Amino acid sequence: MKTIKVVAAVLHRNHRIFAAARGYGDYKGRWEFPGGKIEPGETPRQALEREIWEELNVQIEVGEQIGTIEWDYPTFHLSMDCFWCVIVAGELVLNEAEDAKWLDREELYSVDWLPADRELIEIIKDHPLAGGAQFETPDTTVVPASSCRQKPTGCAPTGR
């Protein structure tokens, strides 16, 4: 079975975790942590910074590695390196996702997670950064997919 090596950002702010609904492919509409494939020559941290910029138009600080999720999907094996991250610059724009939410601890199971991402929820759900720690990060606005169906040139935030 083919192995796909990816990275995932567990973005956190104000006691909430960021989740995105896939906007394409076999798993369209299912929820996941943003991230993507590691390109040749990239470290996982570099890949995560690049992927988040491409997907969400924000710069992040990649923090502690949470772990690696290994999951067998029907046609491939996923190996997903997962990191705690915070947004340090920019406003969230959904370049690839069809929807996104900031979820507090009680809402973590309110969306239809992809299986590997659900495994990650099991690991982080009781961590202080998923709802118990005090931390300061920039407040950001999510630009809904309905406002930006294409590359967001001049797309203004709609508020939150």
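## Exercises on a predicted model

In this predicted model, the largest nonpolar core has 27 residues, and Phe33, Met80 and Trp113 are the ones that touch the most other members. The elements that each give two or more residues to this core are β1, β2, β6 (77–89) and α2 (115–124). Apart from this core lies another one of 20 residues, which includes Ala9, Leu56, Cys85 and Leu92.

**Exercise 1.** Determine which residues Trp113 touches, leaving out those up to four places away in sequence.

*Solution.* Begin with the part of the chain that precedes Trp113 in the list of contacts: Trp113 touches Ala19, and also Arg30, Trp31, Glu32 and Phe33. Then add Leu103 and Leu108, and finally Arg118 and Ile121, which completes the list for Trp113. Among these partners, Phe33 is itself one of the three core residues that touch the most other members.

**Exercise 2.** Work out which strands pair with β2 (residues 16–21), and in which sense.

*Solution.* Start with β1 (residues 3–13), which pairs with β2 in the antiparallel sense over two bridges, with His12 bridged to Ile17. These two strands form a hairpin with two residues between them, and Asn14 in the turn has a positive phi of about 45°. Next take β8 (residues 99–103), which runs antiparallel to β2 and is joined to it by five bridges, one of the partnerships being that of Ala20 with Ala100. Last comes β3 (residues 31–32), again antiparallel to β2 and paired over two bridges, where Ala21 has Trp31 as its bridge partner. As for exposure, β2 is mostly covered, since five of its six residues are buried.

**Exercise 3.** Explain why the buried residues of α2 lie on the same side of the helix.

*Solution.* First identify the residues concerned: Ala116, Asp117, Leu120, Ile121 and Ile124 are buried in α2. They cover an arc of only 150° around the axis, and therefore they are on the same side of α2. The spacing can be read against a general rule: an α-helix has 3.6 residues a turn, so residues three or four places apart point the same way. To finish, ask what covers these buried residues; the cover includes β1, β3, β5 (59–72) and β6.

**Exercise 4.** Describe the surroundings of Glu42, beginning with its place in the chain.

*Solution.* Glu42 is in the loop between β4 (35–37) and α1 (44–56). A polar atom of its side chain lies 2.8 Å from the backbone nitrogen of Glu39, and the side chain of Glu42 also makes a polar contact, at 2.6 Å, with the side chain of Arg50. With neighbours within four places in sequence left aside, the contacts of Glu42 are Lys37, Ala47 and Arg50.

Key:
Residues numbered from 1 in each chain as written. Predicted model: local features only at pLDDT ≥ 70, side-chain atom pairs only at ≥ 80, totals over all residues. Heavy atoms only, no water. Buried < 20%, exposed > 50% of the residue type's maximum accessible area, 1.4 Å probe, protein only. Helix = DSSP H or I, 4+ residues; strand = E, 2+ residues; numbered from the N terminus. Pairing = 2+ DSSP bridges. Core = buried A, V, L, I, M, F, W, Y, C linked by side-chain atoms within 4.5 Å. Contact = heavy atoms within 4.5 Å. Arc of directions from axis to C-beta. Polar contact = N/O pair within 3.5 Å; in protein donor to acceptor, adjacent residues only side chain to side chain.
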